[in-house]
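Visitor: I am new to this protein and would be grateful for a close look at one part of it. Please begin with a single charged side chain and, from there, explain how the charged pairs and the enclosed spaces are arranged.

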Amino acid sequence: MAETPSVPYRTTGSTLLHPLSQLLGIPLDQVNFVACQLFALLAAFWFRIYLSPSNVSSVVRHAFATLFGIYFAVFCFGWYSIHIFVLVMMSYGIMNIASIPNIHSPLMIITQKITTLAFQVHDGIGRQAEDLTAEQNRLAVKIRPSLLEYLSYLLNFMSVIAGPCSNYKDYIAFIEGRHVHMKLLEVNWKQKGYDRLPDPSPTGAVIYKLCITFVSLLLFLTLTKTYPVTYIVDSQFINNTSFLSRLGYLYIVMQASKPKYYFAWTLADAVNNAAGYGFSGVDDQGNFHWDLLSNLNIWNIETATSFKMYIENWNIQTAAWLKRVCYDRAPWYPTALTFILSALWHGVYPGYYFTFVTGILMTLASRAVRNNYRHYFLSSKPLKVIYDIVTWFVTQLAVCYTVAPFVMLAVEPTIKLYKSMYFHMHILSLLLLLVLPIKPRDHTMRQLQNQVTHNSVKNKKEK
């Protein structure tokens, strides 16, 4: 009897868990990833309880978070992690040597956290307060971080493997024990019957997110294998099924590809919450929320009635990063430039570029439809329900059509898929953009207002 072929375990990371990889039939790099995240979850609880700001100094918390993060990176990526460490140290050198007004440019080659910090230091030291938006002013970093603070922010064990990216000031407030109180002080607790600020526990949020993680893992292990993405470009399938059947199967395949993202992002969120990081505030009913670092809102994703709403609830922290470093700063064509930056950030696979270029068309077309027709359906509840149902249906199909190349990666299957779909979404989007009037965007108006305000302040100073 022939032996069952072993699972490939080519990885630069640790091979300690190779026997477990063979037992489960899962690639070793994925086993290492999950193992590190689960260990990080346990370490996060210990970090919150025994290394709380009331027990140890912020230096100890920074050092622990950094050292554990470095260990996890080495465990998962082996000698490849040297690439991460070299980029981190080079960026720190640039930040301390380069002139502050130009600090943001060279650091754009690094990923989210470095560019976030670069722009926020640039806003805090290299620009005038009147030139900043309210959000930029709130997040501006006015003092260069120390080496330990910098390394802790970039390499802490809670986010070194799967993120998410957070703002530097929020992270430092967490390490120094000010994170939760900063959010609570926005509410007048005495009017709610409290004599002092409460100390909300993240345990309930962590348990809830771990349940979502478990369900997502089960769905990933079953649906992804049952509905392989390669089937939608199989020649026999294309030739023997109708257009509507192919469109329906595309929707099912794309739904089946989501649970792995739900699993990874929700687990990463739970790790941060377990450490006491991610508190976002209190609602009107007095309920505590731990979604400051959440990367997705599953309900809003599955019920999205516009392309914009879908994007805003998918990979939330990356969308926020793109908004902070590109959309809010782009002088022209912010939507197109933001999609292009997103494609460049993701990597070199052609499928990424197909997705993001198509996404530009979809976003602009859906915006045109919404701006020109939505107000006609707000006069009565039945009309609004009909509008929501139709736009939900179209949005879900449009998203599946747009992100399919992102999953397939290569050019050939992407072209084959779009040909089998007659490029219908591309054609429809272009027709809508040609026919419907385009109304001025709030982004442009805000920039004009900021320029007027800046000129007014400048003239006052000159006088």
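Guide: In this predicted model, Glu 176 has a relative accessible area of 34%, and it is therefore classed as partly exposed, since that class runs between the limits of 20% and 50%. The side chain of Glu 176 is paired with that of Arg 178 in a salt bridge, and the closest N and O atoms are 2.8 Å apart. Arg 178 has a relative accessibility of 37%, so this partner also counts as partly exposed.

The count of salt bridges comes to nine. Another of them joins the side chains of Glu 135 and Lys 323, with a distance of 3.8 Å from N to O. This pair connects distant parts of the chain, for Glu 135 belongs to helix H6 and Lys 323 to helix H16, 188 residues apart. Glu 135 is partly exposed because its relative accessibility is 29%. Lys 323, with a relative accessible area of 38%, is likewise partly exposed.

Lys 323 has a further partner. It forms a salt bridge with Asp 328, where the closest N and O atoms lie 2.9 Å apart. Is Asp 328 buried or exposed? With a relative accessibility of 17%, Asp 328 counts as buried, because the limit for that class is under 20%. Lys 323 thus takes part in a salt bridge with Glu 135 and in one with Asp 328. Salt bridges also link Asp 123, Arg 127 and Arg 329 in a network.

Several of these charged residues lead to the enclosed spaces. A search of the whole structure gives two cavities of 30 Å³ or more. The largest cavity holds about 80 Å³ of space. Its lining is made up of Thr 116, Phe 119, Gln 120, Asp 123, Glu 135, Gln 136, Leu 139, Arg 324, Val 325 and Arg 329. Helix H5 (112-125), helix H6 (134-139) and helix H16 (316-327) are the elements that give two or more residues to this lining. H5 makes the greatest contribution, with four residues. Sorted by class, the residues around the largest cavity are three nonpolar, three polar and four charged. Glu 135, which lines this cavity, is the partner of Lys 323 in the salt bridge described above. Asp 123 and Arg 329 also line the largest cavity, and they belong to the network with Arg 127.

The second largest cavity has a volume of about 40 Å³. Among the residues that line it are Lys 113, Tyr 153, Asn 156, Pro 164 and Tyr 277. By class, this lining comprises five nonpolar, four polar and one charged residues. Pro 164 merits attention for its backbone as well. The peptide bond that leads from Gly 163 to Pro 164 is cis, with omega near 5°. Pro 164 is placed in the loop between helix H7 (147-155) and helix H8 (168-175).

Two other loop residues may be noted for their backbone angles. Tyr 333 has a positive phi, near 45°, although it is a residue other than glycine. Tyr 333 sits in the loop between H16 and helix H17 (334-346). Its relative accessible area is 68%, so Tyr 333 is exposed. Phe 423, which is not a glycine either, has a positive phi of about 50°. The place of Phe 423 is the loop between H20 and H21, and at 31% relative accessibility this residue counts as partly exposed.

Phe 423 leads finally to the surface. Together with Val 411, Ile 415, Ile 427, Leu 431, Leu 434 and Val 435, Phe 423 forms a nonpolar patch with about 640 Å² of accessible area. Helix H20 (411-420) and helix H21 (424-435) are the elements that give two or more residues to the patch. H21 provides the largest share, four residues. Ile 415 is located in helix H20 and is partly exposed, with a relative accessible area of 31%.

How values were computed. Residues are numbered from 1 along each chain as its sequence is written. This is a predicted model: local features need pLDDT of at least 70, side-chain atom pairs count only at pLDDT 80 or more; totals for chains, interfaces and linings use all residues. Side-chain values use heavy atoms; hydrogens and water are left out. On a 1 Å grid over the protein atoms alone, a cavity is a set of points where a 1.4 Å probe fits but cannot get out, and a pocket is an open set with protein on both sides within 12 Å along at least five of seven lines; lining residues have an atom within 4 Å of a point. Grid points are joined across faces, edges and corners, and a volume is the space filled by probe spheres set on the points. Ala, Val, Leu, Ile, Met, Phe, Trp, Tyr, Cys and Pro count as nonpolar, Asp, Glu, Lys and Arg as charged, and the others, Gly among them, as polar. Patches are made of residues with over 30% relative accessible area and no salt bridge: like charges are joined within 9 Å, nonpolar side chains (Val, Leu, Ile, Met, Phe, Trp, Tyr) within 5 Å. Accessible areas come from the Shrake-Rupley method with a 1.4 Å probe; for residues, only the protein chains shown count as cover. A salt bridge is a side-chain nitrogen of Lys or Arg within 4 Å of a carboxyl oxygen of Asp or Glu. Buried means under 20% relative accessible area, exposed over 50%, partly exposed in between (1.4 Å probe, protein chains only).
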